[in-house]
Amino acid sequence: MWRGIYRALVLVGMLCSSAWAGDCPAWSPERLQAEITALDDQLGRWDEAYYRLGNSPIDDELYDSLLQQLQDWRRCVGAVEEDTRPLPAGKVPHPVAHTGLRKLRNSRAVEQWMQGRHDLWVQPKVDGVAVTLVYRQGVLVNAISRGDGQKGENWLQKVKAIPAIPNVLPEVTANLVLQGELFLMVNDHHQQAQGGINARSKVAGMLMRNPRTAQLEQLGLFVWAWPDGPPTMAERLQQLAAMGFTLPQQYSQPVATLAEVEQWRAAWYSGPLPFVTDGVVIHQGKNLRGAIGRPSLMTGRLPGNIPRSSKWPESRMLNLPLAAPAKLP
């Protein structure tokens, strides 16, 4: 295991210092294929530790960097690469699927995506683990891990132990499905100065280990989708806040231009937040009932050496994750 981590660290050093970082290396086809196989195998072992055992032997940001490098190398050999690795399936079906991520690589791609679209909103992309909550007549009856997007694990008992998530919504009589991010609550976290603090792995560890632990009280929830909610973003944010899910309303801003997206992204990157972030998400405000999913992903560089990325679910959302400068081409 540690040999694999050392190899990964050496790889990242190469990426930071190499002139071809992000492009195709000047290797023979045989060596490139061997490097792809070795890195893919190592990522698979880390995935097993993360998703099955609830622990991570590698820093989140380093893992993300190596995953990006694997995808770049596969493109060099002409492979059609999915933007996310296959995740272990669970046993509980999601009422609305969690879709995968798709990458865009620069600000021009973001600007092109925004052209002709209206009613756009930007949010910080909270760094945690995705979950589906199901309420029936206001009572929480299911909490499902992301799993493979179609099925996940039953996290209901653990989620019920999180004070930030109401078990009962007194004013709600209808059924509703919410998708969001379980995150580690922190005070005045400055992403630019403090980095990711491995928050995602800490959350995963709390939720995936068998015993229920008091550490679950340290978790919060950021709702990023209400598939069958009101048609406009403003209405959804207002009603979510009334139900007790206040963070989306606090951290959602309407935007019309790339410059406005960059402004908010820079502010959240340098300013204090109650959670760790790894980017920003652009939502298209109008809700297409039952058709929402997780956004896709894009990477690029912002002025002032501030990294950026982005993602969308099929013309519905666009997410721009943060990254360490070493991860950028």
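**Salt bridges and a hairpin in a predicted model**

Student: This is a predicted model, so let's start with one contact: how far apart are N and O in the salt bridge of Arg74 and Asp40?

Tutor: The side chains of Arg74 and Asp40 meet in a salt bridge. The cut-off for such a pair is 4 Å, and here the N to O distance is 3.2 Å.

Student: And how many residues apart in sequence are the parts that this pair ties together?

Tutor: Arg74 sits in helix 3 (residues 60-76) and Asp40 in helix 2 (residues 29-53), so the salt bridge ties together parts whose separation in sequence is 34 residues.

Tutor: Burial is worth a look too. Arg74 is at 17% relative accessibility, while Asp40 has 22%. Buried means under 20%, so Arg74 counts as buried and Asp40 as partly exposed.

Student: Which residue forms a salt bridge with Asp127?

Tutor: Look in helix 7 (residues 199-208), 73 residues away from Asp127, which is in the loop between strand 2 (120-126) and strand 3. The closest N and O atoms are 3.0 Å apart, and the partner is Arg200.

Student: Is Asp278 buried or exposed?

Tutor: Asp278, in strand 11 (residues 277-284), also pairs with Arg200, at 3.9 Å from N to O. Its relative accessibility is 12%, so Asp278 counts as buried.

Student: Over in the hairpin of strand 3 and strand 4, which residue takes a positive phi?

Tutor: Strand 3 (residues 129-136) and strand 4 (residues 139-145) run antiparallel, joined by six bridges. Two residues lie between the strands, and the one with a phi near 50° is Gln137.

How values were computed:
Residues numbered from 1 in each chain as written. Predicted model: local features only at pLDDT ≥ 70, side-chain atom pairs only at ≥ 80, totals over all residues. Heavy atoms only, no water. Pairing = 2+ DSSP bridges. Helix = DSSP H or I, 4+ residues; strand = E, 2+ residues; numbered from the N terminus. Buried < 20%, exposed > 50% of the residue type's maximum accessible area, 1.4 Å probe, protein only.
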